[in-house]
There are 2 protein chains.
Amino acid sequence: MAADIYKALADATRRAILDELQERDGQSLFELCTRLTMRHGLGSTRQAVSQHLDVLQEAGLVTVRREGRYKFHHLDTGPLREITARWPAPDQGES
Amino acid sequence: MAADIYKALADATRRAILDELQERDGQSLFELCTRLTMRHGLGSTRQAVSQHLDVLQEAGLVTVRREGRYKFHHLDTGPLREITARWPAPDQGES
DNA sequence: TTGACAGGCAAGTGACTGCTTGCCTATACA
DNA sequence: TGTATAGGCAAGCAGTCACTTGCCTGTCAA
């Protein structure tokens with residue numbers, strides 16, 4: 001259920017996770033931890049990233065696919081359309 | 001400068017302020033307080049709303065026009081484009 | 001000039017939140 | 001079967017944030 005995509009986006013680490021998943025979709029938790037450290041300079045522990053992924057999943061921005069002992073995370077940018085739909089640009093659809 | 005539009009959007013009261021300004025642009029602080037209470041059921045004090053407006057202004061989502069002892073607030077949805085530009089929908093190009 | 005009105009500044013407080021820490025479950029492979 | 005790997009759960013801590021409270025500045029009209 002799309003809990004609160006706004007709160008989900010409020011954290012810089014979570015936004016970095018979305019960036020990472022956009023660049024390489026379907027990463028596991030450990031893969032995300034590694035790449036966040038390497039490419040984004042974030043020293044986040046596994047538990048921290050896991051909690052962030054929970055928030056993103058609650059917001060519907062990340063979907064999860066289980067496979068054996070792995071858990072792959074996929075980006076879903078769909079819920080973000082709500083934002084620009086709520087406050088459209090003045091020269092666009094607003095009447 | 002556009003501080004952090006994500007943190008600015010994280011609060012429900014601030015989103016209600018944006019809603020209000022979209023419906024009726026150029027409101028003063030007291031006008032906003034009244035309409036937030038009436039139409040959105042928010043019992044926000046003047047100071048609380050004022051602090052929210054500061055955050056929205058920092059984020060570039062609200063611009064301010066002074067006139068005598070009044071201060072009118074205007075909505076600017078431009079910075080919101082950054083969000084959908086950063087994570088575009090997979091099947092549509094950003095435009 | 002006086003008083004009412006519109007808004008500003010700053011310290012204090014309670015709740016939330018991101019993160020750590022420690023321990024646990026489950027799957028794969030030797 | 002035993003062990004390393006991938007991930008989960010929950011309590012505790014510290015920083016942040018929204019909100020209040022109290023007082024101050026600036027504008028306008030009578």
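## A tour from Q27(A) to D76(B)

Select Q27(A): leaving out residues up to four places away in sequence, Q27(A) touches E20(A), L21(A), L32(A), R35(A), K71(A), F72(A) and H73(A), where contact means heavy atoms within 4.5 Å. This is a predicted model, in which local features need pLDDT of at least 70 and side-chain atom pairs count only at pLDDT 80 or more, while totals for chains, interfaces and linings use all residues. Residues are numbered from 1 along each chain as its sequence is written, chains are lettered from A and ligands numbered from 1 in the order in which they are written, and side-chain values use heavy atoms, with hydrogens and water left out.

Stay on Q27(A). It sits in the loop between α2 (12-23) and α3 (29-40) of chain A; helices (H or I, at least four residues) and strands (E, at least two) are DSSP runs, numbered from the N terminus. Q27(A) has a relative accessible area of 0% and is buried (buried is under 20%, exposed over 50%, partly exposed in between, with a 1.4 Å probe and protein chains only). A polar atom of the Q27(A) side chain lies 3.1 Å from the backbone oxygen of R24(A).

Next, go to chain B and select residues 12-23, helix α2. Nine of the twelve residues of α2(B) are buried, among them I17(B), L18(B) and L21(B). Now add D11(B), which caps the N-terminal end of α2(B): one of its side-chain oxygens is 2.9 Å from the backbone nitrogen of T13(B).

Keep α2(B) and add residues 46-58 of chain B, helix α4; the two helices pack at an angle of about 80 degrees with their axes 10 Å apart. Axes are lines fitted to C-alpha atoms, for helices over the stretch in contact, and angles run from 0 to 180 degrees between N-to-C directions. α2(B) and α4(B) are therefore roughly perpendicular (65 to 115 degrees). To see the contact, show T13(B), R14(B), I17(B) and L18(B) from α2(B), and V49(B), H52(B), L53(B), V55(B) and L56(B) from α4(B).

Last, select D76(B), in the loop between β2 (70-75) and α5 (81-86) of chain B. D76(B) is partly exposed, with a relative accessible area of 30%. Beyond its neighbours within four places in sequence, D76(B) is in contact with G60(B) and L61(B). A polar atom of its side chain lies 3.0 Å from the backbone nitrogen of G78(B). For scale, add T37(B): D76(B) and T37(B) are 39 residues apart in sequence and 23 Å apart in space, C-alpha to C-alpha.

Key. The expected span of a helix is 1.5 Å times one less than its number of residues. A polar contact is a pair of N or O atoms within 3.5 Å; within protein, one must be able to donate a hydrogen and the other to accept it, and residues adjacent in sequence count only if both atoms are side-chain atoms. Angles under 35 degrees count as roughly parallel, over 145 as roughly antiparallel, 65 to 115 as roughly perpendicular and the rest as oblique.
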